[in-house]
Each structure stands twice: as structure tokens, then as C-alpha cells.
Amino acid sequence: MPVLLAEQIVSIEFADLLTRTPIVRPARPPVRAEGAHQSDILAHVAQKVGWLDPGERPEEDMPIIWCVGCAWEEWAASLYPDMEWQPGELTADGISGNADGLTADPLQIEEFKASYKSCGSLNPDTPPPPDYFLKEKKFQMWQHQGRAYCYLYGPRVVRWHVLHIRSDYKTFGPTYKQYIVEFTDAEVEQTWSMLVRFRDEAMAAREGVLTA
């Protein structure tokens, strides 16, 4: 079973604007590798197994939310100067993935998300269950994405930096939460085997080709 090592709200102060190390983005985005990408396969699987409701699109497929996510990643990543931001795309078994960041000590994948998903109750009298992030259907794609990056880059720990834009849908303003999860080798292998299994089907579906 995956282990939730930490779940915490991160407070941002105006002083952070002065002490952060700004990220320098390249003039042009890096060229994405040809062929299958783990995000395309996961979106296909999510529709098949019900992580997404019928007709629901992943948030990353919505241009405005994707733009907000890029801005959040660039700003939040600047708070962690020891992190290797955008370490580069890797490919295995014809499937490519590009993690947002890597940290060497401790060794972990870094992922940044801007999301309209609820962060769970912020009421101290009714906190979310301890397995909320691990078990909620709406976070399953993130879990498997993290496992895929673990397969490609080597770590077994993923730290998500999530900007919950609507917080808990009761509190005013967004909430920045970190979730740190450790996966087993078996869980990482299981996710990668699933991606390989559905790789051709997902690519065919993307191209509008019917498969048996």
C-alpha cells in the first residue's frame, strides 16, 4: 500500500516574494517526444475505469486551467532552489513522461498542480480522513502519474504541490497543500504495466481508430 508520509498546508507570506529564486523559462517550450505520452494513456484509462465521469475532461486538458497551472508551477517551484526544475523528458517502452521536478535530498519527484478539486475539510473539528488523498477517486490519475514518473526517474517518493483554487469550497481564497507519498516497487511496476497494456489502444483512440 502507498504511504502518505505527510499532508500539510503551506503558508505563503509576502516575504516569500523577495526570497524566492525566480525560474528562468526557455524561450520556447521543449519539443514533446513523438508517440505515446503517459498523460494521454492515463486520460484514456480514466474514462474506461471511472476516475473521470462520462464526458469529463482532465483539468490539464482545459487551456485556461493549464495556463494557471503553468503559472503556479513557475512561481511555486521558485520557492525550492534545491530542486531540479524540469529535469527533462524520459521514454521507456515507447511511453514518454516529463516530471515537473526532482529533489536529491531527499530523493523525490516534485509535481505542481492547480486544481478545482477540494482539499477536503479545513474545519479542525471535521478533518478529512487520513487516507483522503490516497483513496479519493478524483486523485487517482495523479497517483498513477506519480508512479509513472517514479518508474522513469527512479525515486519512490512523490511530493505534490497543489494549489486548491477553491480550497474546501467553504473557505475564501485558495489553499496550498503538499502531499508526500511513498510507493512500493510493486505499485510502480503495476502502473507502468498498465500504461504499456493500454498504450496502443489509447493512441488508436486519440487518432480516432477503432480497435477490437
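Colleague: Axes are lines fitted to C-alpha atoms, for helices over the stretch in contact, and angles run from 0 to 180 degrees between N-to-C directions. What angle do α2 and α5 make?

Modeller: About 145 degrees, with the axes 10 Å apart. Helix α2 covers residues 38–49 and helix α5 residues 140–153. Helices (H or I, at least four residues) and strands (E, at least two) are DSSP runs, numbered from the N terminus.

Colleague: What kind of model is this?

Modeller: Predicted: local features need pLDDT of at least 70, side-chain atom pairs count only at pLDDT 80 or more, and totals for chains, interfaces and linings use all residues. Residues are numbered from 1 along each chain as its sequence is written, and side-chain values use heavy atoms, without hydrogens or water.

Colleague: What does the chain average in pLDDT?

Modeller: 91, on the predictor's per-residue confidence scale from 0 to 100. At least 70 is reached by 98% of the residues. Confidence is lowest in helix α1 (residues 16–19), with a mean of 89. Strand β8 (residues 157–164) is highest, at 98.

Colleague: Back to the helix pair. Which residues make the contact?

Modeller: Contact means heavy atoms within 4.5 Å. From α2 come Gln38, Leu42, Ala43 and Ala46. From α5 come Met141, His144, Gln145, Ala148 and Tyr149. Tyr149 shares α5 with Tyr153, four residues on, about one turn of the helix.

Colleague: New topic, the sheet. What's the strand order?

Modeller: β1-β9-β8-β7-β6-β3. The sheet is open, has six strands and shows mixed pairing. Two strands pair if DSSP finds at least two bridges between them.

Colleague: Why do β1 and β3 each have a side without a neighbour?

Modeller: They stand at the edges, each with a single partner strand, so one side of each is left free in the sheet. β1 spans 3–9.

Colleague: How does β3 pair with β6?

Modeller: Antiparallel, over two bridges, between residues 84–85 and 101–104. Glu84 is bridged to Leu102, and Trp85 stands opposite Gly101.

Colleague: And on to β7, how many bridges from β6?

Modeller: Four, again with antiparallel strands; β7 is residues 107–115. Leu102 also stands opposite Ile109 of β7. A hairpin of two residues links β6 to β7.

Colleague: Which strands does α3 touch?

Modeller: Helix α3 (residues 63–77) packs on the sheet against β3, β7, β8 and β9 (175–182). Its direction makes about 135 degrees with that of β7.

Colleague: Where does α5 lie?

Modeller: Across β6, β7, β8 and β9. α5 runs at about 150 degrees to β7.
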